[in-house]
Each structure stands twice: as structure tokens, then as C-alpha cells.
Amino acid sequence: MQSVARLGSGIPLVARDRELGRLRGAFDQAAGGTATAMLISGDAGVGKTRLTDELAAHARDKGGIVLTGRCLDAGETGLPYLPFAEAMSQVPDREQAVLAHPALARLFPDVTLPVGAERREANMSAITAVVPGVGGRLGNRPEQDIGQLQLFDAVHALLTGLAATTPVALILEDLHWADGSTRRLLSFLVSRLRDQRILIVGTYRSDDLHRRHPLRPLLAELVRQPAMERLDLTPFNRADSRLFVTSLAEDGLPDDLVREVAGRSEGNAFFAEELLAAYTEDGDELPATLVDVLLARVERLSEAAQRVVRVASVAGRRAPHARLLAVSELTEAELEEALREAVQHHVLVAKRDQWMDVYAFRHALLSEAVYGDLLPGERVRLHAAYARELAAAQGQRGAAAALAHHSMESHALPQALAASIVAAAEAADSGAPAEALGHLERALKLWEGVARAERPEKLDEVTLLRRASFMAGSSGDPERAVSFARSAVKLADSSGDREAAAMMRRRLASALFVVEGKEDEARQIIEAAWEIAADLPTSCEKAWVLAVYALILRSSREPVESRKFAELAVREARACDEAGVVADALITLGALDESEGRVEAGRERLREAIRIARDDDALSVELRARYYLAVNTYEAGELDDAVRIIEEGVERARDTGLTWSTYGFELRAIKVIARYARGDWDQSEAAAEPPGMRVSSTVSARLAAVGSHVMVSRGRLAEAAKLAAELRSEWHRDFQIASSMSAVGAELALWQGRPEEGAKLVREALEWAERVGGQWVLVNIRLSALGAMLYTDYAERAARRKDETERKALVEEGLRLVELARKTAKYGRPRTGTLGPEGRAWLARVEAEESRLLGASDPALWEKAVEAFDYGAVYEQAMCRWRLGEALLGADRRDEAAEVLKAADEVAERLDARPLRDALRKLARRGRIALTDGQTSREALDPFTPRERSVLRLVALGHTNRQVGEALFISEKTVSVHLSRIMAKLGANRRAEAVAIAYDRGLLENQNV
């Protein structure tokens, strides 16, 4: 069972900063004397109430009065003024308010008026009952409108009176259920907003507003008022939806579960909470509460409309008009009337899809709920009807896939098998490998259930398995590609077909080669394939075996044998006119040229491979060539050219549907890295967004790992710490996960002030690197630099405790890392045979860190490090400038330090590298250097709200939560919430640690604590 979901409002607000900013701004504007109104619309469950709760908290923090009322679904004539009665009941000294405005007594039947006030109220009621002329003064309204106007004036006067001394926020929720009296009172109040310190906020469900809904005329009237603004609360986007789902659980959630819930909820917060609750309780069906909410709207439709909706649910999310007409057995007029009703009530949405009209469910879960409510026999009958229609419509886009589905559900297995195979081919041709894999998996599932005579001709199970393996690899699931290929090898061996046996082994070797830790097995398999294929006649398959053998031999560091087999592959491929193999072998030859120092010759081979593969439509080979060319250029320090090549490759992968194929993904991963290095952090983060589909856990983990550099460098420390903990168990999946997360963990430890934890992590990472990559793996240089940095901080802490024994031991540990870096630079094996710009820069930083470690940070060494990172790694260069500025101040070279620190601060500000920016400004203050020429940062050093800052100040003084609450007149629970947010912003786990980090980052300086 998964972690129990933490539902409700107990989690931080996710992905609504812009909307909340508008609401807070509206309140602040009202508090300044410009009355404002806001209408918030959105689907049910999208988060309107949570947003108004945050607004209410902001208003209270600002000293305002918050009055909240909710409408109920009690019909048009029931419960008049209910939200206003609820809101006014929250007014301080309610009895005094009624005494001052007797008409308010109608909202408070429990309040007893004094005798004089009762008499005045009774007299006014009598006047309105017997004096028709009074009604004429109001424009010939009925007499009871006098009493209504009195109430309206009383509410307006009460709010205006309150706002004279304190800003007021009036929040009215669920206006789609508002009665007529409530709507008229709201209109009255909004029309009289001028310079009062009042904010009126109303929320309503946009999906409940059918064409004749009584709220529509009021909305049309309100939006014409000058004080009124509108805020349309849309569902979360894909990335925010994943973040929200992740936030719902106390513990980490599996990535596939996050993806599933985020995808099915389609950005609706309530749906996500309900789905996650069902998943964590091992539920396979939609939760009953969610089904009830979804079906409530359907059950309000007429019987004919409900019937059409049920028929549409069998089609899936979308149903063409013509198909609904055929399956529903209604006349054209009957169908149109039923559809019009379903559209007006926001159950279905009418769309135009290229050349035909379609009707789509407003939300996929609504389709699921309706479908789940069908009787079993009804489902089979409707699926069979759809299958009959689709069988006559083959050749249309998507028809084969739909036919396969409906045939499967109506138990027509031979037809389902044939249609699945056709659908897989169509999906593959249109660049949708994940969809092709799904169809092939269904075909494999059906294969044994269909009699041999009814199976498609000229097709066997081995071919299906080979295609499935290729599609799995192309859609980001290399482990599944291996599984299919293993099954194919077994079947091919049992058939006695030698060429098929060699072919399947080559496919298996290719699949194994991209899985971490499977390189040795891949070599064994390709050697077996070559033993079978060596004496076969010249053929395309034999050429492919040679090409894959060459690739694996190069990876095994056998360049002579690799070159021999690559050249054989080229000759064999040209003899049988197989351009794709020629291109593949040229890539290997280009990589061999590069490793032998012939960099330009290698690049030319790669460019030729790209041209050949593109002309031959060998997409996977083309992407491999683009990736190798990108790596070649990046490692040469030519970042601008590298980014251009990477972007071309990523675009090509996207256009052909191969984004998550082996080399489509490799291009995406290196894009994240190159954009980070160059300082294009927004693009780096965008490229690191999780895939919106099922991919291998290794792919997801690698993408998260390479993307976490921006996360920690921008100061999202709590998020980075959580990710690091989650990915620690994934190090075994891929070397890049371990190397990226260890570097991220080291920087995280630096900013959190935990050098001892960071040093321990670096030691673990170096041991891991040696086990996996050998003694002199090049990542040692970067990790050693980071480790030396942390050991220096750790040793300085020991020195402050006057523990000389520990300090010396820590210095010795740091010096061992420095020596490891030097030896790695000497004995390691770079791709080009010589250490590239990045390696040389990190080596320069190692030597500069050594000077810090020994107690006298050397400006000359830090200048060399700054210069070494000048190839384009802007953040790392700024980090070195920080240390250079520190060293210059230590050498009493203040003017030079000021220039260096200003240059670093400009980079930190542009990148929004908050921890580095804070460290630079703390150092500048210590050195009495003005970095910003009197200008404030676009985001102040202090990341806290005024209330959080007050809480932190009192906690730093040693106050308990209760004492803090008493001092600030807030509850102990509210103090706890503020502390949780403070610790999250600082990446701390404990109160004392948060205070220590705040002191260290200069967030508690000059505050008399």
C-alpha cells in the first residue's frame, strides 16, 4: 500500500502564485482606499475555495476583517440571503450592528431588538404594506422592495462603517447556487463601491452555468462595473499537476503513480485528491464520492440526453456525430436535441475535428464515471455496435485503433488482433511509438487466443516481439525492450531460422547496451549473434550485427577491433545498399577518431552520418549521430554550437515522435546540462520537466537528476533535499543519476550549512564511481573539488570549537581528495585523449580549494579558476568569483574584491541563484562593499512574509510556539504552519536549524536578536 494521501488544505498552495498575487493585490488596493470586486470562476474542484482561504489569511495578516458566506444548492426560491447572513454573523458586536441598522435583524432572527427598534421596524413594515405611493418612488417596484432596499442600505452602511477603521474582505462562495435576493444584494453592493476600503470576492462554478442559468444576467451586469475584475481559475498544467499530486502525500510517491493521478485528474485539484486517496487504499475503481459528484450533473439531464451520454461514454473521451447517430438509434432531430441539452449543461463539448463534428466529455473522469455506471450487457452491446460501424470505415485516421478496442471489448478476438496490428503500424508511421507499443502488446496478448487459421497472414509472433522491443526502446522503456527481445530470441531459436536467431540477438544486444550494468551481457549476446551470422551470405541483418558489434567493442575500450568491425559493417551495408547501417558504423568510426585526437575528422564523419541517415529515413541512427556530435562539441567547451546542435536534435526527435527513444532522450538530457552550464536556466528547467507518459524508471530518475542542478542553485532547498532522498535508492540504475545527485547533494549541503553531511555524501559517491566506472573516472575531479570545499567549511567549524585534532584530520581528508583529482587528471581517459575545458576548470578549482583548505585562500589560484570557467560555465565562474572576492578581502585588496563581487552578483541576479546571491551580499556587507549601487534586488534577501519574519525573530529568541502565538495574537497551530513554511524555504528540518541557517545567510542580522 502506498503512502496515505494528505488531503485538504494542509499542504502549501501549489502553482497559484499569479492568481494569489492578483487577489492579494486587490485586497491591498482596497486597503489603500480603492474599493475593488473580484469574480473567480472555475470548474468544480479546481481550487477556488483554497485560493479564497489564502486570501483570507493574507487579509487577516494585514489586520483586515474577513467575512465569508457560502451559498447552498437549495433551489431558486429557498434560503434567501444565506451567504450574507453567514458573513454578517461574523461581524464583531453583532447586536450593536443590528441596533445601529435595524433592518439587519432580518438576517439574524436570533438577535432580539430593543422595544424602540422593534417598533420602528414594525412601523416601516406597516408603511411598506399599506402605502402604495412609497413604491412609486422606487420606480414602481412592489411595496416589499422598500424593505429590501432598507436591508441593502443596512448591509452597505455596515460594511462602509467597518471599512472606515479596518479594511474589509467580503467573500461569497458558490454564487452559482445563489438565490435571487442574494444576487440583487450583491449587484447593489458592487454598484456602490467607490473609495471604501472594501474588497468583495465572489466565486462560482463556470461548468454549472448552462445557457439559461439565472446567474448569467448578473455576471453580464457585474462585469460592466468599474470596480469589478475577473479571474478565471484554470486547471493545473501538466508540471503543476504533478507537483500538486506529489505534495499531497507525506512520503514519496512512485513516479508512475504521480504521473497516473496527475494525468487522469487533468489539473483538477479535487479530482487529484480523490484519485490519490483511492490509489493509496488499493482501489481499482473511481472513488464513490468522486463518481457521485461527476454523475450528479448527468442525472439532471432528460432521459434522452442521458442515453446519448451513455452511448458517447463507450466511444471514449470523444465521439463523432455520425457515429453517435448510427449507434444511438435516434433520429437526427432527437440526437441533436439531446446533444444540445448535454452541451448546455457542460457534460459534453462540441468541437470540430478537421472534417467532422465530434462531441467530447468535458473531463475524462466524467466519461469514466458514466461508462462505469453501464450494465455489463449494455457495454458489450454498444461496443459491438461501434465495432460494426468502424469495420466499414477502415482507412480513416484512428479507425483501426478504435476498431481494435471495441472488438476486444465485445469479444471479437480475431478482428481485435488484426486491427491491433494495423493500428500499431499506423501509430509507428505517425511517430507515436508509445501508442504503437500499446497496440502490439494487445496483439501479443491475443495471439494465442486466436486460432492459427484466423491470424493475419505473413506474420509471426517473433516479428511482433521484435517490433514491440523496438517500440519499447523508442518510447523510453529500455527494460521492457530487453524483456520483449529475450522472448523473441527464445522463439527464434525454437524455429530453427538462423538469420532470425541472429537478428533477435542483435536486437537484444542493442536493447541491453543502453541499460546500466548490462554492457557485459550485451557483448556476450552480440558475439553469439556474430557466430551465427558470420558465414551467412551478405545481407542487411548481417551488416547490422557488425555495426552493433563495433559499437559495443568501442564501449569496451577495444578501439582496434571496434574499427575493424565498423569498417566491415560499412562494406557489408554498401554491398546490400543498406544506408542506415553505413550511417551507424560511421558514427562509431567518428567516435574512434575523436578518442584518438582527430576531433575534426570525427565530426565530419558524424555530419556525414546525419546526412545519410536523414536521407534514408533511419531516424534512430540519425538521432544517435546528432547526440554524438553534440557531446563532441559540448566537451570541447563550444557551448553555443553545442546548444544549437542539441536543439536541432531535440526538435528532430520531437517531430518524429522519438523524444523518449534512446538517443532522443540522451539529447534531451544533454540539453538540460548544456543549458544549465550556459546559464539558460529557464530552458534547462523546461527540458527537465517529467514526461507526460509512461517511461522507464531509469529515464524518469535520470531526467530528474540532471534537472536538480537548477533546483538547488535557485534555492529550492527543501524540494532538492526531498528529491535527493528519493533518488538515493536509484543510483544503481545509471551512473549519471549518482554523479548528478552527488554534486547536487554537495551544493545542497553547502547552502544548508551541513558540511559534514556533504563530505560524507562525496566520499560515498567517489566509492560508487570507482566501483562502477573504474579508479580514474573523470567525475572524480568535480566531486573532489566539491568535497575539498566542504572539508574546508567543516574544518573551519572545528577550528571555531578549538578542536585542533579534528581540524587537522578534516584537512587531511580534504587533501586526499585534492590528490585524487590530480591523479585522475593524469591517468583518466577523456573522450578526446586530453582533458577538456570543463575538466581543466574543475582541476583549477580543486587547486584553489586546496589553498582554502590550508588556511590561506590564494587570490592567484582563484583567478585561474575564474579564467578556466570562462569557456561559458557562467554559474561555476560566479561561484569562483565569490571565493576570489573572499580571498581578495582577506588580502586587503578591497577595490579588486568589489569589482569581482559585483560581476558575480550580476550573474547570480540574472540566474535567480538565490543562495549564491545571499552569500555574495553577506560577504559584501562584511567587507563594506555596495554591490547594487543603492538599488534593491528584485527579490529581497529576506524571503519571508512579515508574519513569518516575526515568528522567526521570536523563535530565535528561544520562544516556544505557544509563547510566539501569545506574542503575536495567533493560535499555536498557526505558528506551527508559519514555522513549517520557514523551514521549507530554508531547507531545514528543525527549528534550531532554521534559525542557524537564517543567521548564516544574514536573514536575522540587524534585527536585535
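Start with helix 8, residues 180–191. In this predicted model, local features need pLDDT of at least 70, side-chain atom pairs count only at pLDDT 80 or more, and totals for chains, interfaces and linings use all residues. Residues are numbered from 1 along each chain as its sequence is written, and side-chain values use heavy atoms, with hydrogens and water left out.

**Stop 1: helix 8 and the sheet**

Keep helix 8 selected and add strand 1 (36–42), strand 3, strand 4 and strand 5. Helix 8 lies across these strands and runs at about 140° to strand 4. Helices (H or I, at least four residues) and strands (E, at least two) are DSSP runs, numbered from the N terminus. Axes are lines fitted to C-alpha atoms, for helices over the stretch in contact, and angles run from 0 to 180 degrees between N-to-C directions. Contact means heavy atoms within 4.5 Å.

Now show the whole sheet. It is open, with 5 strands in the order 2-3-4-1-5 and parallel pairing. Two strands pair if DSSP finds at least two bridges between them. Strand 2 (65–70) and strand 5 (228–232) stand at the edges. Each has a single partner strand, so one side of each is left without a neighbour in the sheet. Neighbouring strands of this sheet are turned by 15° against each other on average, direction ignored.

Zoom in on strand 3 (residues 168–173) and strand 4 (residues 198–205). They run parallel, joined by 5 bridges. Pick Ile 171: opposite it, in strand 4, stands Val 201.

**Stop 2: Tyr 81**

Select Tyr 81, in the loop between strand 2 and helix 3 (82–88). Its phi is near 60°, a positive value in a residue other than glycine. Tyr 81 counts as buried, at 12% relative accessibility. Buried means under 20% relative accessible area, exposed over 50%, and partly exposed in between (1.4 Å probe, protein chains only). Add Phe 152 and Phe 188: with Tyr 81 they form one aromatic cluster.

For contrast, go to Lys 458. It lies in the loop between helix 21 (433–447) and helix 22 (461–474). Phi of Lys 458 is near 55°, also positive in a residue other than glycine. Lys 458 counts as exposed, at 87% relative accessibility.

**Stop 3: Gln 344**

Select helix 16 (residues 332–344) and find Gln 344 in it. Gln 344 counts as buried, at 13% relative accessibility. What does Gln 344 touch, not counting residues up to four places away in sequence? Show Leu 209, His 210, Arg 211 and Arg 212.

**Stop 4: aromatic pairs**

Rings of Phe, Tyr and Trp (its six-membered ring) pair if their centres lie within 6.5 Å; planes under 30 degrees apart count as stacked, over 60 as edge-to-face and the rest as tilted. By this rule there are 16 aromatic pairs. Take Tyr 627 and Tyr 628: an edge-to-face pair, 5.8 Å centre to centre, with 80° between the planes. Both are buried.

Next, select Trp 731 and Trp 768. Their ring centres are 6.2 Å apart and their planes at 70°, so this pair is edge-to-face. Trp 731 lies in the loop between helix 35 (717–727) and helix 36 (735–752), and Trp 768 in helix 37 (residues 755–773). The pair therefore ties together parts that are 37 residues apart in sequence. Trp 731 and Trp 768 are both buried.

**Stop 5: Arg 845**

Move to helix 40 (residues 837–853) and pick Arg 845. Arg 845 is buried, with a relative accessible area of 2%. Leaving aside neighbours within four places in sequence, its contacts include Ala 785, Met 789, Trp 862, Phe 869 and Glu 876. Then find Arg 782. Arg 845 and Arg 782 are 63 residues apart in sequence and 8.7 Å apart in space, C-alpha to C-alpha.

**Stop 6: helix 46 and helix 47**

Select helix 46 (residues 961–968) and helix 47 (residues 972–986). They pack at an angle of about 105°, with their axes 8 Å apart. Helix 46 and helix 47 are therefore roughly perpendicular to each other (under 35 degrees is roughly parallel, over 145 roughly antiparallel, 65 to 115 roughly perpendicular, the rest oblique).

Show side chains. Asn 961, Arg 962, Val 964 and Gly 965 in helix 46 meet Glu 972, Val 975, Ser 976 and Leu 979 in helix 47. These contact residues divide into 3 nonpolar, 3 polar and 2 charged. Here Ala, Val, Leu, Ile, Met, Phe, Trp, Tyr, Cys and Pro count as nonpolar, Asp, Glu, Lys and Arg as charged, and the others, Gly among them, as polar.

**Last stop: zoom out**

Show the full protein chain: 48 helices and 8 strands. Its C-alpha atoms fill a box of roughly 115 × 90 × 45 Å, taken along the principal axes. Of the 1009 residues, 53% are buried.
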